[in-house]
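Dear colleague,

Please find below the structure for your records. My notes on it follow directly after.

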Amino acid sequence: MSVSAAVRRITPPDISAAKGGQPLVCLTAYTTPVARLADAACDVILVGDSLGMVVYGLPSTLGVTTEMMIAHGQAVMRGAARALVVVDLPFGSYEESPAQAFATAARVLAETGAGAVKLEGGAHMAETIRFLTARGIPVMGHVGLTPQAVNALGGYKVQGRGADAARIAADAAAVAAAGAFAVVLEKLPDSLARRITAEIAVPTIGIGASAACDGQILVIDDMLGLFTDFRPRFVRRYAELGTAAAEAIAAYAADVRDRRFPGPEHVFADEVR
């Protein structure tokens, strides 16, 4: 997706209009510096509740709070001028009722300045999505593997195989019909993701789904190789920054212990010369 020379923020309608066109580029970000790096290349920056695991070291996304999402959403908005910034609604902040979802989403958008929210769930969340979009809150959907339901799903397993494919397809259709401007498809068989992409009118954003999706998203820390011991099948490592960082830290530690750092060029003289 191209923008004019004068920077213009990409909007949810822009994303919807990209259906069937050039694939949408999406990444997560949680901080201002990373958002600045991603902004030049990405159409969508997702402030994902994956920050619970990536940033805070939690075992799942379930412990993430609305306050955490707002703080990181604010940080990302300070770094992103072009991309549409979408903020996840965390577990327990929207499922109770459409009214609860509206209160949370309105707070998130008001306090961060982000352009949209994302929530997980299929047909059972259609009423909530319809309620939000009717009140001016753009919603990105998320079906298939929904990490907030990891306990009910029995782990981070591929969804939609065999007879379960019909349920996932119906979930995606319901979310799109309710007004979501795009739908994330996570960890689905390639054939099912292709079918859903062909059947629904809004863009699909794949993560562990299919190259046929209208866009792709990855957790940026995974894509950059910041975790040396975590290699999901659906992630291509475009760098090995974790290894490079470990080597740099080890070199720094060795220089400090051997008094090679700081050197004369890193300290200040008594007088200005």
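Please bear in mind that this is a predicted model. I begin with the helix whose surroundings I examined in detail, and then turn to the barrel, the annotated positions, one loop residue and the cysteines.

**Helix H8**

The buried residues of helix H8 are covered by, among others, helix H6 (126-134), strand S5 (139-144), strand S6 (182-186) and helix H9 (190-199). The residues of H8 that are buried are Ala165, Ile168, Ala169, Asp171, Ala172, Ala174, Val175 and Ala176. In an α-helix, residues three or four places apart point the same way, because there are 3.6 residues to a turn. H8 itself comprises 13 residues, 165-177, and spans 18 Å between its first and last C-alpha, close to the 18 Å expected at 1.5 Å a residue. After the helix comes Gly179, which has a positive phi near 120°.

**The barrel**

The strands form a closed barrel of 8, in the order S1-S2-S3-S4-S5-S6-S7-S8, and their pairing is parallel. On average, neighbouring strands of this sheet are turned by 25° against each other, direction ignored. For one pair I can give the details: strand S3 (residues 84-88) and strand S4 (residues 116-118) are joined in the parallel sense by 3 bridges. Within this pairing, Val87 is opposite Val117 of S4. Helix H5 (residues 98-112) packs on the sheet, where it touches S3 and S4, and its direction makes about 135° with that of S4.

**Annotated positions**

UniProt, in an unreviewed entry, lists Asp49, Asp88 and Glu120 under "binding site". These residues are spread over 72 residues of sequence, yet they cluster in space, with a largest C-alpha distance of 10.9 Å.

Asp49 sits in the loop between strand S2 (44-47) and helix H3 (51-54). This residue is buried, at 4% relative accessible area. Beyond four places in sequence, Asp49 touches Thr61, Val64, Met69, Asp88, Glu120 and Gln148. Two of the annotated residues, Asp88 and Glu120, are thus among the contacts of Asp49.

Asp88 belongs to strand S3 and is likewise buried, with a relative accessible area of 3%. Its contacts, again leaving out residues up to four places away in sequence, are Leu46, Val47, Gly48, Asp49, Met69 and Lys118.

The unreviewed entry also has a "binding site" listing made up of Asp49, Ser50, Asp88 and Lys118. Although these span 70 residues in sequence, no two of their C-alpha atoms are more than 12.4 Å apart, so they gather at one spot. Ser50 lies in the loop between S2 and H3 and is buried, with a relative accessible area of 15%. Apart from neighbours within four places in sequence, Ser50 is in contact with Thr28, Tyr30, Thr61 and Val219.

The feature "active site" is placed by UniProt, in an unreviewed entry, at Glu186. Glu186 is located in strand S6 and is buried, at 11% relative accessible area. It touches His142, Val143, Gly144, Leu145, Pro147 and Ile207, not counting residues up to four places away in sequence.

**Tyr156**

Tyr156 is in the loop between helix H7 (150-153) and H8, and is partly exposed, with a relative accessible area of 34%. Residues up to four places away in sequence aside, it touches Met53, Pro59, Ser60, Leu145, Pro147, Val150 and Lys187. The C-alpha atom of Leu145, which is 11 residues away along the chain, is separated from that of Tyr156 by 6.9 Å. Leu145 and Pro147 also appear among the contacts of Glu186.

**Cysteines**

How many disulfides does a search of the whole structure find? The result is 0. For Cys26, the closest cysteine sulfur is that of Cys42 at 7.3 Å, which is too far for a bond because a disulfide requires sulfur atoms within 2.5 Å. The sulfur of Cys213 has its closest cysteine sulfur in Cys26, at 11 Å, and this is also too far for a bond. Both residues are buried: Cys26 has a relative accessible area of 4%, and Cys213 has a relative accessibility of 5%.

Yours sincerely

Technical notes:
Residues numbered from 1 in each chain as written. Predicted model: local features only at pLDDT ≥ 70, side-chain atom pairs only at ≥ 80, totals over all residues. Heavy atoms only, no water. Helix = DSSP H or I, 4+ residues; strand = E, 2+ residues; numbered from the N terminus. Expected span 1.5 Å × (residues − 1). Buried < 20%, exposed > 50% of the residue type's maximum accessible area, 1.4 Å probe, protein only. Contact = heavy atoms within 4.5 Å. Pairing = 2+ DSSP bridges. Axes fitted to C-alpha atoms, helices over the stretch in contact; angles between N-to-C directions. UniProt positions renumbered as here; feature names shortened; annotations may be inferred.
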